[in-house]
Amino acid sequence: MTMDGNATPTLRDLPIGIDATGERQEFDSMGQVMVPADRYWGAQTQRSLQHFSIGDDRMPKAVYHAYGYVKKACALVNHAAGRLPDWKKDAIVRAADETIAGKLDDHYPLYVWQTGSGTQSNMNVNEVVSNRAIQLLGGTLGTQQPVGPNDDVNMGQSSNDTFPTAMHIAAVTAIDALLVPQLGQLAGTIERKADGWMDVVKIGRTHLEDAVPLTVGQEWHGWAGQLRACIADVEASRAGLYELAVGGTAVGTGLNAPEGFSKDVAAQIAALTGKPFVTAPNKFMAQGSLDAIVRAHAALRGVAVALMKIANDMRWLASGPRCGFAELKLPDNEPGSSIMPGKVNPTQCEAMVMIAIQVLGNDSAVAFAGSQGNFELNAMRPIIINNFLHSARILADGCGKFREYSVEGTELNRERIQQYVEGSVMLVTALSPVIGYQNAAHIAEKAIADGTTLKQAALASGKVSEELFDNTIKPLNMVGKGLAGA
């Protein structure tokens, strides 16, 4: 088979990999560049590696997997429109499928800190897909024939519209495949624990001080309710992410893309991913801003806030075992000290708090970067998608470990819980409607000052008979009914 255009190239079933050592010559519009001979990338990727080898932060592979859907969808649409022949479409689709599956991950090496439009990552995909397609068609790597990175793989596209499209695909995938399932499992576990403890009365606390009773189940259902609300917010945040910028090309006008391209590509991406992606009705908004993903990360921030509250409550309620609240008994997972024998710490709770802190920091960066759109382009894209995917991943993983190694094995110290109930003076609140707020307050103040029980102080006041006290101060009657507390 020749590459002179007189014969139709045949797609071969070749394994991934390049059996070569040393370097290979590639080129772009600026000239010749030497690249590792065993890599599929080309000149622009190599330039980026040289110019932006900053830190250890690499563009998340999830972005490239998402980009595979973009390139595959565009190839299918271009083929349907007669712009790509069958054999060229087949080769691009094969390489795109390998990208989606993560089989080409080693060929996507770029750093987060690169051009803010994501152009270098887009070209990384174009070059890898091009060279892999050339290999599959029996051509010579680096020649850009018979499949070119710009003219064929990037046909009808720009980095300015495809990178935010890949961002949205990657973000939705992370939400659906990672975060929401783990949040749901954690919420479900907390609800099951709560249901089993609905009749265990404990003392509530407000302002870090003793308050009136509730049940352990009610308290835990409060935590579960937070997570269910977070799940709803995260799921709702996908609405903006379903709108794709692809088809807007350079500035949103769709220059060099055929009529209907944006709608057709979005429909293909929806079909390929099984997600309800659509073309963004306003490409200028979709490319000049990153508001949709900023709002979506705000939902992740909400998850972090709720998880921090839950983890902190659990570790405080488990503090002890002798000199803290000690209402909860968390699983003993590992030794807690290198010097204090027998010490065990609430490590899963601590890890969750640190995750939440990181996500709050990520959100600040995402919001700041989102505010930096200038005219027709927000050029802070890599930091936003890197932080979004980082947040979604650590929240999801953290929820899984927190559930498995902390929540599921948590037990109650019923003796300590009952001790607190019996010793609380805030049960006096039930007397307030009977003898008045001021009289009840004086009884509580007297009990605290003298170190006596509430009953002793109440009887000594002369305002309450023993029968009235016993009939009124019944903690179980003070916790309300169900989750409404009434």
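Colleague: What makes Arg 205 count as lying over the face of Tyr 420?

Modeller: The distance from the ring centre is 5.4 Å, and the rule asks for NZ of Lys or CZ of Arg within 6 Å of the ring centre and within 35 degrees of the ring normal, so Arg 205 counts as sitting over Tyr 420. Arg 58 does likewise over the face of Tyr 111, at 4.0 Å from the ring centre.

Colleague: What sort of model is this?

Modeller: It's a predicted one, where local features need pLDDT of at least 70, side-chain atom pairs count only at pLDDT 80 or more, and totals for chains, interfaces and linings use all residues. Residues are numbered from 1 along each chain as its sequence is written, and side-chain values use heavy atoms, with hydrogens and water left out.

Colleague: Why is the pair of Trp 220 and Trp 223 called tilted?

Modeller: Their centres are 4.9 Å apart with 45° between the planes. Rings of Phe, Tyr and Trp (its six-membered ring) pair if their centres lie within 6.5 Å, and planes under 30 degrees apart are stacked, over 60 edge-to-face and the rest tilted, so 45° makes this pair tilted. Trp 197 joins Trp 220 and Trp 223 in one aromatic cluster.

Colleague: Why are Trp 220 and Trp 223 about one helical turn apart?

Modeller: Because they are 3 residues apart in helix 7 (residues 216-241). Both are also buried (under 20% relative accessible area, with a 1.4 Å probe and protein chains only).

Colleague: Which elements help line the second largest pocket?

Modeller: Helix 7 again, along with strand 3 (201-206), strand 4 (209-215) and helix 10, each supplying at least two residues. The pocket has a volume of about 470 Å³. Arg 205 turns up here too: of the 18 lining residues, Arg 205, Leu 208, Glu 219, Asp 313 and Leu 317 are the closest to its centre.

Colleague: And how much space lies in the largest pocket?

Modeller: About 600 Å³. Its lining has 23 residues, with Ala 318, Ser 319, Gly 320, Pro 321 and Val 344 nearest the centre. Helix 10 (291-317), strand 7 (328-329), helix 11 (347-370) and helix 12 (381-407) each give two or more residues.

Colleague: How many cavities of 30 Å³ or more are there?

Modeller: The count is 1, with about 80 Å³ of space in the largest cavity. Among its 13 lining residues, Glu 26, Phe 27, Glu 127, Gln 144 and Pro 149 lie nearest the centre. Helix 4 gives the largest share of that lining, 4 residues.

Key
Buried means under 20% relative accessible area, exposed over 50%, partly exposed in between (1.4 Å probe, protein chains only). On a 1 Å grid over the protein atoms alone, a cavity is a set of points where a 1.4 Å probe fits but cannot get out, and a pocket is an open set with protein on both sides within 12 Å along at least five of seven lines; lining residues have an atom within 4 Å of a point. Grid points are joined across faces, edges and corners, and a volume is the space filled by probe spheres set on the points.
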